[in-house]
Amino acid sequence: MDNLCPHCGWPDAEPYQVISRRLTRDSTQLSWVRCACGSLQMRQQPRGGEVSVLTRGRPTSDMSNLGNGHSELPSH
Ligand SMILES: [Zn+2]
């Protein structure tokens with residue numbers, strides 16, 4: 001697995017922060033991982049198998065809003 005986060009380029013192979021892990025009844029490990037940019041991933045790994053990323057969220061709004069002007073703010 002050599003994918004990179006599409007938001008910040010963090011390698012998927014090196015989880016930035018593992019939030020939770022659990023085993024399902026068929027010994028598949030499900031884990032939630034937070035990326036350096038704040039996006040959440042849900043990963044699945046069958047016993048003895050490859051990790052796959054099931055879903056990937058967006059970066060935290062705080063970070064994506066940095067540097068973006070707020071057009072609704074009065075400018076005068
Ligand atoms: Zn990221």
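Tutor: Two strands count as paired when DSSP finds at least two bridges between them, and strands themselves are DSSP runs of at least two residues, numbered from the N terminus. The model discussed here is predicted.

Student: Which residue of β3 does Ser-31 stand opposite?

Tutor: Strand β2 covers residues 29–34 and strand β3 covers residues 40–45, and the two pair in the antiparallel sense over 6 bridges. Elsewhere in this pairing, Val-33 has Gln-41 as its bridge partner in β3. Opposite Ser-31, the residue in β3 is Arg-43.

Student: Arg-43 also has a bridge partner in β4, so which residue is that?

Tutor: β3 and β4 pair in the antiparallel sense over 4 bridges. Within this pairing, Met-42 has Thr-55 as its bridge partner in β4. For Arg-43, the bridge partner in β4 is Val-53.

Student: In what order do the strands of the open sheet lie, and which of them are the edge strands?

Tutor: The open sheet has 4 strands with antiparallel pairing, in the order β1-β2-β3-β4. An edge strand pairs on one side only, and this holds for the strand at 17–23 and for the strand at 52–56. From one strand to the next, the twist averages 20 degrees. The edge strands are therefore, by pairing as DSSP defines it, β1 and β4.

Student: Which residue takes a positive phi in the hairpin of β3 and β4, and what is that angle near?

Tutor: A comparable feature appears in the hairpin of β2 and β3, where 5 residues lie between the strands and Gly-38 in the turn has a positive phi of about 100 degrees. The hairpin of β3 and β4 has 6 residues between its strands. There the residue with positive phi is Gly-48, with an angle near 75 degrees.

Student: What geometry does the site of the zinc ion have?

Tutor: The protein donors are the SG atoms of Cys-5, Cys-8, Cys-35 and Cys-37, lying 2.3 Å from the zinc ion, and in sequence these residues are spaced C-x2-C-x26-C-x1-C. The ideal angle for four tetrahedral donors is 109.5 degrees. The angles among the 4 donor atoms here run from 95 to 114 degrees. Because four donors count as tetrahedral if all angles lie between 85 and 135 degrees, the site is tetrahedral.

Student: Is the donor residue Cys-35 buried or exposed?

Tutor: A residue counts as buried under 20% relative accessible area. Cys-37, at 4% relative accessibility, falls in that class. Because its relative accessibility is 3%, Cys-35 counts as buried.

Student: And is Asp-2 buried or exposed?

Tutor: Asp-2 lies in the segment before β1, and its C-alpha atom is separated by 6.2 Å from that of Ala-13, 11 residues apart along the chain. The threshold for exposed is over 50% relative accessible area. Because its relative accessibility is 69%, Asp-2 counts as exposed.

Student: Which elements give two or more residues to the lining of the largest cavity?

Tutor: The count comes to 1 cavity of 30 Å³ or more, and the largest cavity has a volume of about 30 Å³. Its lining includes Trp-10, Tyr-16, Val-33, Arg-34, Gln-41 and Arg-43, and Cys-35 is also among the lining residues. The elements that give two or more residues to this lining are β2 and β3.

Student: What pattern does the protein chain follow along the sequence?

Tutor: The protein chain has 76 residues, of which 16% count as buried. It contains 1 helix and 4 strands. Read along the sequence, the pattern is β-β-β-β-α.

Conventions:
Residues numbered from 1 in each chain as written. Predicted model: local features only at pLDDT ≥ 70, side-chain atom pairs only at ≥ 80, totals over all residues. Heavy atoms only, no water. Donors = N, O, S within 2.8 Å, 3.2 Å for Na, K, Ca; no water. Tetrahedral: all angles 85-135°; square planar, octahedral: opposite > 155°, others 65-115°. Buried < 20%, exposed > 50% of the residue type's maximum accessible area, 1.4 Å probe, protein only. Axes fitted to C-alpha atoms, helices over the stretch in contact; angles between N-to-C directions. 1 Å grid on protein atoms, 1.4 Å probe; cavity = no way out; pocket = protein on both sides within 12 Å on 5 of 7 lines; lining within 4 Å. Points joined across faces, edges and corners; volume = space filled by probe spheres on them.
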